[in-house]
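Here are a few notes to read with the structure open beside you. Take them one at a time and find each residue as you go.

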Amino acid sequence: MDAVAADSLKHFVETEWLRDHLADPGLIVIDCSWHFPDEGDAWEEFQEEHIPGALFLDIDVVSDTTNPLPHMLPSPQDFARIVGEMGISNDDTIVVYDTYGFFCAAARVWWMFRIMGHDKVKVLNGGMPKWLDEDLPVEEGPPAKRPPREFQVSFDASQVYSTDQILQISRSGGAQLLDARSPQRFTGELGEPRPCQRLGHIPGSINVYFKDFIEYDGALKPMAEVKKLLDASPVDLSRPIVTTCGSGVTAAVMNLIFTEIGVSGTAMYDGSWSAWGCEDSGLPVATGPEPGGDA
């Protein structure tokens with residue numbers, strides 16, 4: 001299935017395209033909405049309204065539930081089992097969306113499918129906000145039950161970095177650590193949304209705020225503007241990049257953007273600040289706007 005966005009974005013589809021192809025065989029739409037506990041219940045919101053025929057994927061459920069860190073990657077075997085039980089096969093084209101646009105869990109789920117070896121996954125540009133703004137159809141209730149399918153994975157471990165690997169990069173370089181959080185969280189001026197976390201960033205990392213690339217309606221800014229923003233940022237697109245954020249969600253927005261513009265080989269620190277910044281991690285923390293900062 002040739003799922004192509006109206007403006008030729010490779011990894012997105014537009015709302016008009018999805019509206020016209022909802023009934024296509026082999027197309028599966030997934031609502032990946034996720035909130036902090038005090039910001040709402042994504043499952044309840046899904047049952048109140050969602051894109052017709054959409055399934056629901058909770059990144060806190062499709063995760064390594066034995067790990068105390070939030071929504072860490074599940075094992076390839078668990079991912080294959082859960083996705084297969086949802087009725088998804090490797091033959092399907094998947095379109096993911098969330099209630100924020102694309103800059104939250106939709107990008108995370110796009111990244112998850114791709115590192116598990118499934119490239120036929122697209123992101124709905126603008127997500128649910130744009131869909132609703134355009135008065136497109138919605139339905140309510142739980143998702144329709146689909147018969148189980150076989151889903152095979154081919155896990156690319158090179159795209160997932162551990163804390164030990166990040167510590168080595170922080171000490172000696174070799175790759176760029178790109179923190180996608182807000183500048184205020186990066187510098188340590190603003191508190192973290194999770195308890196028991198220190199303020200600041202991984203020493204040696206640079207800050208490129210993911211929201212700078214998002215339009216008011218939750219869609220990606222025009223590619224010319226995206227490239228202009230990256231040109232003005234501290235990131236060097238010719239060097240390896242490992243993204244981080246608060247918990248491995250919005251970092252995926254940057255991985256998605258880099259993939260869209262043709263930058264290959266980017267990876268993510270899955271634990272991100274949830275792992276590094278916790279009070280008992282024993283890892284160094286920097287503050288201030290410059291790489292290195294104050295220990």
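1. Let's start with a term. A charged patch here is built from residues with over 30% relative accessible area and no salt bridge, with like charges joined within 9 Å. Keep in mind as you look around that this is a predicted model.

2. Now use that term: which residues gather in a patch of negative charge on the surface? They are Asp41, Glu44, Glu48, Glu49, Glu139 and Glu140. Pick out Glu140, which sits in the loop between α5 (127-133) and β6 (160-161). Is Glu140 buried or exposed? Its relative accessibility is 63%, so Glu140 counts as exposed.

3. Next, have a look at the sheet. Five strands make it up, and it is an open one, running in the order β1-β5-β4-β2-β3 with parallel pairing. Its edge strands are β1 (12-13) and β3 (55-56), and each of these pairs on one side only. In general, strands of a sheet pair through backbone hydrogen bonds, either parallel or antiparallel.

4. For a single pairing to trace by eye, try β2 (residues 27-31) with β4 (residues 93-97). These two strands pair in the parallel sense over five bridges. Find Val29, and you can then hop across to its bridge partner in β4, Val95.

5. On to salt bridges. How many does the structure hold? There are eight salt bridges. One of them joins Arg19 and Asp20, with the closest N and O atoms 3.0 Å apart. Arg19 has a relative accessibility of 41%, so it counts as partly exposed. Asp20, at 51%, counts as exposed, because the cut-off for that word is over 50%.

6. Helix α3 (residues 76-85) has a salt bridge of its own to check: Arg81 and Asp78 both lie in this helix, three residues apart, which is about one turn. Their closest N and O atoms are 3.7 Å apart. Arg81 is at 42% relative accessibility, so it counts as partly exposed. Asp78 is at 32%, so it counts as partly exposed too. The pair also belongs to a network of salt bridges that links Asp78, Arg81 and Glu85.

7. Finally, compare that with Asp179 and Arg181. Their side chains meet in a salt bridge, at 2.8 Å from N to O. Are these two residues buried or exposed? Both Asp179 and Arg181 are buried, whereas Asp20, in the salt bridge from point 5, counts as exposed.

How values were computed. Residues numbered from 1 in each chain as written. Predicted model: local features only at pLDDT ≥ 70, side-chain atom pairs only at ≥ 80, totals over all residues. Heavy atoms only, no water. Patch = residues over 30% accessible without salt bridge, like charges linked within 9 Å, V, L, I, M, F, W, Y side chains within 5 Å. Areas by Shrake-Rupley, 256 points an atom, 1.4 Å probe, with all protein chains shown as cover. Salt bridge = Lys/Arg side-chain N within 4 Å of Asp/Glu carboxyl O. Lys, Arg positive; Asp, Glu negative; His and termini not counted. Charge placed at Lys NZ, Arg CZ, Asp CG, Glu CD. Helix = DSSP H or I, 4+ residues; strand = E, 2+ residues; numbered from the N terminus. Buried < 20%, exposed > 50% of the residue type's maximum accessible area, 1.4 Å probe, protein only. Pairing = 2+ DSSP bridges.
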